[in-house]
Amino acid sequence: MNIMTKEEKTFETETGRKWLQDMLGTGPVTVTFTKKDGETRVMTCTLQESSIPEQHRPKPITEGQEQRKRSDANLSVWDINAEGWRSFILANVTRVEFSL
């Protein structure tokens, strides 16, 4: 198991965001972050398409369709335990755990 903490990685940078998205794309990742209300949350999540139920997978953008605005401050992920899309603020991530 690999663990990355806030002190080791700044997740809100472009490089940190890309790194985290790459890890999420390979399989489950446990992310610990501070919610807006100050509560600590631990979430097992992924962006690996095969782990997301087909009816909840992002749809490809078709010609003429506007792409949804994306915030560089937040990251939307599939919460494996809640079986739904959730998001967190990258600056509030304090720990990331994953297995290679």
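Which residue forms a salt bridge with aspartate 79? I looked this up before anything else, keeping in mind that the model is predicted.

**Entry: the bridge at aspartate 79**

I found that the partner is arginine 41, with the closest N and O atoms 2.8 Å apart. The two residues belong to distant parts of the chain, 38 residues apart. Arginine 41 is in strand β3, residues 40-46, and aspartate 79 is in strand β4, residues 74-79. I then checked how far each one is covered. Aspartate 79 has 2% relative accessibility, so I put it down as buried. Arginine 41 has a relative accessible area of 25%, which makes it partly exposed.

**Entry: the other salt bridges**

I searched the whole structure and noted four salt bridges. Another of them joins the side chains of lysine 35 and glutamate 39, at 3.7 Å from N to O. I recorded lysine 35 as partly exposed, at 31% relative accessibility. Glutamate 39 is also partly exposed, and its value is 42%.

Next I noted the bridge between lysine 18 and aspartate 22, whose side chains meet at 2.9 Å, N to O. How far apart are lysine 18 and aspartate 22 in helix α1? They are four residues apart, so about one helical turn separates them. I added a general reminder here: an α-helix has 3.6 residues a turn, so residues three or four places apart point the same way. Both ends of this bridge are partly exposed: lysine 18 has a relative accessible area of 47%, and aspartate 22 has one of 37%.

**Entry: helix α1**

I stayed with α1, which covers residues 14-26. I wanted to see whether its length fits its residue count. At 1.5 Å a residue, its 13 residues should span 18 Å. The C-alpha atoms at its ends are 19 Å apart, so I wrote that the two values agree.

Which residues of α1 are buried? My list reads Gly16, Arg17, Trp19, Leu20, Met23 and Leu24. Looking down the helix axis, I found these buried residues within an arc of 160 degrees, so they line one face of α1. On the face turned away from that buried side I noted the exposed residues Glu14, Thr15 and Thr26. Just after the helix comes glycine 27, and I wrote down its positive phi of about 160 degrees.

**Entry: aromatic rings**

I turned to the rings and counted four aromatic pairs. One of the pairs is phenylalanine 11 with tryptophan 19. Their ring centres are 6.1 Å apart and their planes stand at 35 degrees; stacked would need under 30 and edge-to-face over 60, so this pair is tilted. I checked both residues, and both are buried. Tryptophan 19 has already appeared in my list of buried residues in α1.

Tryptophan 78 and tryptophan 85 make up another pair, with centres 5.7 Å apart. Their planes are at 75 degrees, so I called the pair edge-to-face. Are tryptophan 78 and tryptophan 85 buried or partly exposed? Tryptophan 78 is buried, at 2% relative accessibility, whereas tryptophan 85 is partly exposed, at 33%.

Which residues do ring pairs link into a cluster? I wrote down Phe11, Trp19 and Phe98. I closed the notebook there.

Methods: Residues are numbered from 1 along each chain as its sequence is written. This is a predicted model: local features need pLDDT of at least 70, side-chain atom pairs count only at pLDDT 80 or more; totals for chains, interfaces and linings use all residues. Side-chain values use heavy atoms; hydrogens and water are left out. Rings of Phe, Tyr and Trp (its six-membered ring) pair if their centres lie within 6.5 Å; planes under 30 degrees apart count as stacked, over 60 as edge-to-face and the rest as tilted. Buried means under 20% relative accessible area, exposed over 50%, partly exposed in between (1.4 Å probe, protein chains only). The expected span of a helix is 1.5 Å times one less than its number of residues. The arc is that of the directions from the helix axis to the C-beta atoms.
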